[in-house]
Amino acid sequence: MSNFQNTTSSSIIFLLTGVPGLEAFHTWISIPFCFLYITALSGNSLILFAIVTQPSLHEPMYYFLSMLSTTDLGLSISTLVTMLGIFWFDARKIGFNACLSQMFFIKLFTVMESSVLLAMAFDRFVAISNPLRYATILTDSRIAQIGVAIVLRGTLMLTPMVVLLKRLSYCRSHVLHHSYCFHPDVMKLSCTDTRINSAVGLTAMISTVGLDSILILLSYVLIIKTVLSIASPEERKKAFSTCISHIGAVAIFYIPLISLSFVHRFGKQAPPYVHTMIANTYLLIPPVMNPIIYSVKTKQIRRAVIKILHSKDT
């Protein structure tokens with residue numbers, strides 16, 4: 001009985017996994033991941049700095065972009081220590097509470113990113129369908145309220161999912177299959193009934209990321225309907241061009257998510273390292289690509305970034 005109690009205590013240690021079968025090449029594998037982390041951290045920090053310091057970017061669209069960069073930074077930092085720790089030092093051990101904390105923040109920033117993308121879709125809809133009231137609808141105080149609501153929504157939806165893992169007993173192998181703590185991965189190690197955990201986790205993801213994807217799609221149906229009612233082809237093109245960056249951000253968030261689901265479901269015959277590499281890069285694609293997309297496709301951001309980099313050179 002005492003042994004059973006030990007499996008449920010917070011003293012339990014999980015073992016994270018690098019790239020199965022390629023342990024001898026972890027140092028070399030870490031090189032592209034280091035590059036991705038540096039790109040993600042520097043790119044999003046630069047976007048944030050540009051928005052904070054450039055008065056011309058103090059507009060609703062860029063406030064939402066600053067929220068997106070913040071979530072991307074949080075997502076990158078959440079996995080950086082354990083992933084690079086495994087590749088550089090073979091530091092595979094992680095305590096139970098530390099594992100739950102990492103899992104919570106990875107899920108939180110993922111849900112927050114989905115929520116921010118939904119808020120940005122609403123921003124584009126208001127800007128295109130009702131431009132004269134844009135400034136009065138999306139005031140600074142309302143944007144701040146949206147930001148607080150995004151954090152509270154993610155926290156309230158995900159806390160039960162993580163806390164419920166504490167009630168489980170872990171009497172099987174404590175080896176996880178990723179270089180970070182992943183909710184289904186931890187749940188599979190339990191030797192007790194996990195149906196409640198599965199139901200709560202599925203409900204949390206459907207009511208956040210799943211619902212957001214439907215609402216984003218609906219927003220673009222309304223945006224397209226509004227744009228098509230505009231008589232001038234030039235005005236249509238201009239209206240659509242303001243959405244390109246956001247569409248790119250939505251694509252790089254949802255396509256890897258869907259691809260990862262397909263690989264897990266239909267790629268069971270693939271070598272284990274394929275699943276691991278895809279799972280590792282999935283969390284890094286949005287933080288790496290979002291600053292690039294917005295710097296390339298948004299003229300104001302591009303100008304602000306160039307101005308900042310030029311001022312540092314001088």
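Here is a quick tour of this predicted model, from its confidence scores to its helices, salt bridges and surface.

Start with how far to trust it. The average pLDDT over the chain is 89, and 94% of the residues score at least 70. The weak spot is residues 1-8, where the pLDDT is below 50, although this stretch still has eight contacts in the model beyond near neighbours in sequence. Where pLDDT is low, the predicted coordinates should not be read in detail.

Now for the helices. Helix α4 takes in residues 96-129, 34 residues in total, and reaches 49 Å from its first C-alpha to its last, close to the 50 Å expected at 1.5 Å a residue. Most of α4 is covered, with 26 of its 34 residues buried.

Helix α3 (residues 60-89) is home to Met67. Met67 counts as buried because its relative accessible area is 18%, and the cut-off for buried is under 20%. Who does Met67 touch? Setting aside neighbours within four places in sequence, Met67 is in contact with Val116, Ile143, Gly147 and Ile150. Val200 is another matter: Met67 and Val200 sit 133 residues apart in sequence and 27 Å apart in space, C-alpha to C-alpha.

On to the charged pairs. How many salt bridges does the structure hold? There are three, listed here with their N to O distances:

| Acidic residue | Basic residue | N to O distance |
|---|---|---|
| Asp123 | Arg124 | 2.8 Å |
| Asp193 | Arg195 | 2.9 Å |
| Asp212 | Arg153 | 3.0 Å |

The Asp212 and Arg153 pair links distant parts of the chain, with Asp212 in helix α8 and Arg153 in helix α6 (residues 140-163), 59 residues apart. Asp212 has 0% relative accessibility, so it counts as buried. Arg153, at 22%, counts as partly exposed.

The other two pairs have their own settings. Asp123 and Arg124 are both buried. Asp193 is partly exposed because its relative accessibility is 41%, while Arg195 reaches 65% and so counts as exposed.

Finally, the surface. Which residues make the nonpolar surface patch of about 510 Å²? They are Leu211, Leu215, Leu217, Leu218, Val221 and Leu222. Leu211 lies in helix α8, which covers residues 195-228. With a relative accessible area of 38%, Leu211 is partly exposed. As a reminder on helix geometry, an α-helix has 3.6 residues a turn, so residues three or four places apart point the same way.

Note on methods: Residues are numbered from 1 along each chain as its sequence is written. This is a predicted model: local features need pLDDT of at least 70, side-chain atom pairs count only at pLDDT 80 or more; totals for chains, interfaces and linings use all residues. Side-chain values use heavy atoms; hydrogens and water are left out. pLDDT is the predictor's confidence in each residue, from 0 to 100. Contact means heavy atoms within 4.5 Å. Patches are made of residues with over 30% relative accessible area and no salt bridge: like charges are joined within 9 Å, nonpolar side chains (Val, Leu, Ile, Met, Phe, Trp, Tyr) within 5 Å. Accessible areas come from the Shrake-Rupley method with a 1.4 Å probe; for residues, only the protein chains shown count as cover. A salt bridge is a side-chain nitrogen of Lys or Arg within 4 Å of a carboxyl oxygen of Asp or Glu. Helices (H or I, at least four residues) and strands (E, at least two) are DSSP runs, numbered from the N terminus. Buried means under 20% relative accessible area, exposed over 50%, partly exposed in between (1.4 Å probe, protein chains only). The expected span of a helix is 1.5 Å times one less than its number of residues.
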